[in-house]
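Open the model in your viewer and have the selection tool ready. The tour moves from one selection to the next and says what is there.

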Amino acid sequence: MGLTAERDAVRLAVVVLRYLEGRSQRQVEAISGVDQRRWSRYELGQVTPRRSTLERLARDVGVSPSRLDQLLAVLGQICEESRAHRVRTGPPADLEPSESDGREDLRKAALEVAAEIAESLEPLMLDSLADLEVPFKTQSLP
């Protein structure tokens with residue numbers, strides 16, 4: 001897996017972990033001790049959490065290190081497949097940067113894609129993580 005795909009997988013895993021907990025970034029701050037601004041930077045891919053931090057965040061929502069590795073592997077593969085598809089077809093017209101604020105538009109689009117991926121993967125993840133006996137909430141991302 002490429003370095004970019006690994007970073008994207010970690011970023012998406014942070015989104016998924018918060019989604020599984022069914023909490024806002026501020027609510028997760030109270031549970032994990034990771035302040036909301038840092039959590040936001042994790043989700044935007046501006047900062048990559050250390051492995052120990054990622055494992056602690058996963059543990060806080062009831063996900064074991066081995067399940068975290070599985071989640072990262074799946075998300076990494078999805079990121080690689082998506083990147084390969086974009087290379088073949090080019091970026092969608094609605095993701096082209098605007099002259100005024102292209103970076104913010106791309107960030108918003110990336111967060112929307114991450115939320116869609118998390119939502120579509122939820123049944124698979126719930127089945128895979130069922131033996132953890134964690135009370136998952138099925139609320140949408142705030």
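What follows is a walk through some helices and charged side-chain pairs of a predicted model.

**Stop 1: helix H1**

Select residues 3-21, which make up helix H1. Is this helix mostly covered or mostly exposed? It is mostly covered, with 15 of its 19 residues buried. Now place a distance label between the end C-alpha atoms of H1; the label should read 27 Å. That agrees with expectation, because 19 residues at 1.5 Å a residue should span 27 Å.

Step just past the end of H1 to Gly 22. Gly 22 has a positive phi, about 65 degrees.

**Stop 2: Arg 18 and Glu 43**

Go back into H1 and show the side chain of Arg 18, then add Glu 43, which lies in helix H3 (residues 36-44). These two side chains form a salt bridge, with 2.5 Å from N to O. Because Arg 18 belongs to H1 and Glu 43 to H3, the bridge ties together parts that are 25 residues apart in sequence.

Are the two partners buried or exposed? Arg 18 is buried, at 7% relative accessibility. Glu 43 is buried as well, with a relative accessible area of 3%. Both values fall under the 20% cut-off for a buried residue.

**Stop 3: Arg 51 and Glu 55**

Move to helix H4, residues 51-60, and show Arg 51 and Glu 55. Their side chains meet in a salt bridge, 2.7 Å from N to O. The two residues are four apart in H4, so about one helical turn separates them. Glu 55 is partly exposed, at 24% relative accessible area, and Arg 51 is also partly exposed, at 36%.

**Stop 4: Arg 51 and Asp 69**

Keep Arg 51 selected and add Asp 69. Here the side chains form a salt bridge with an N to O distance of 2.5 Å. Arg 51 sits in H4 and Asp 69 in helix H5 (residues 65-89), so this pair ties together parts 18 residues apart in sequence. Asp 69 counts as partly exposed, at 39% relative accessibility.

**Stop 5: the network**

Which residues are linked in a network of salt bridges? Select Arg 51, Glu 55 and Asp 69 together to see it. Arg 51 takes part in the bridge to Glu 55 and in the bridge to Asp 69.

To end, zoom out to the whole model. The structure holds six salt bridges, among them the Arg 18 to Glu 43 pair from the second stop.

Notes
Residues numbered from 1 in each chain as written. Predicted model: local features only at pLDDT ≥ 70, side-chain atom pairs only at ≥ 80, totals over all residues. Heavy atoms only, no water. Salt bridge = Lys/Arg side-chain N within 4 Å of Asp/Glu carboxyl O. Buried < 20%, exposed > 50% of the residue type's maximum accessible area, 1.4 Å probe, protein only. Expected span 1.5 Å × (residues − 1).
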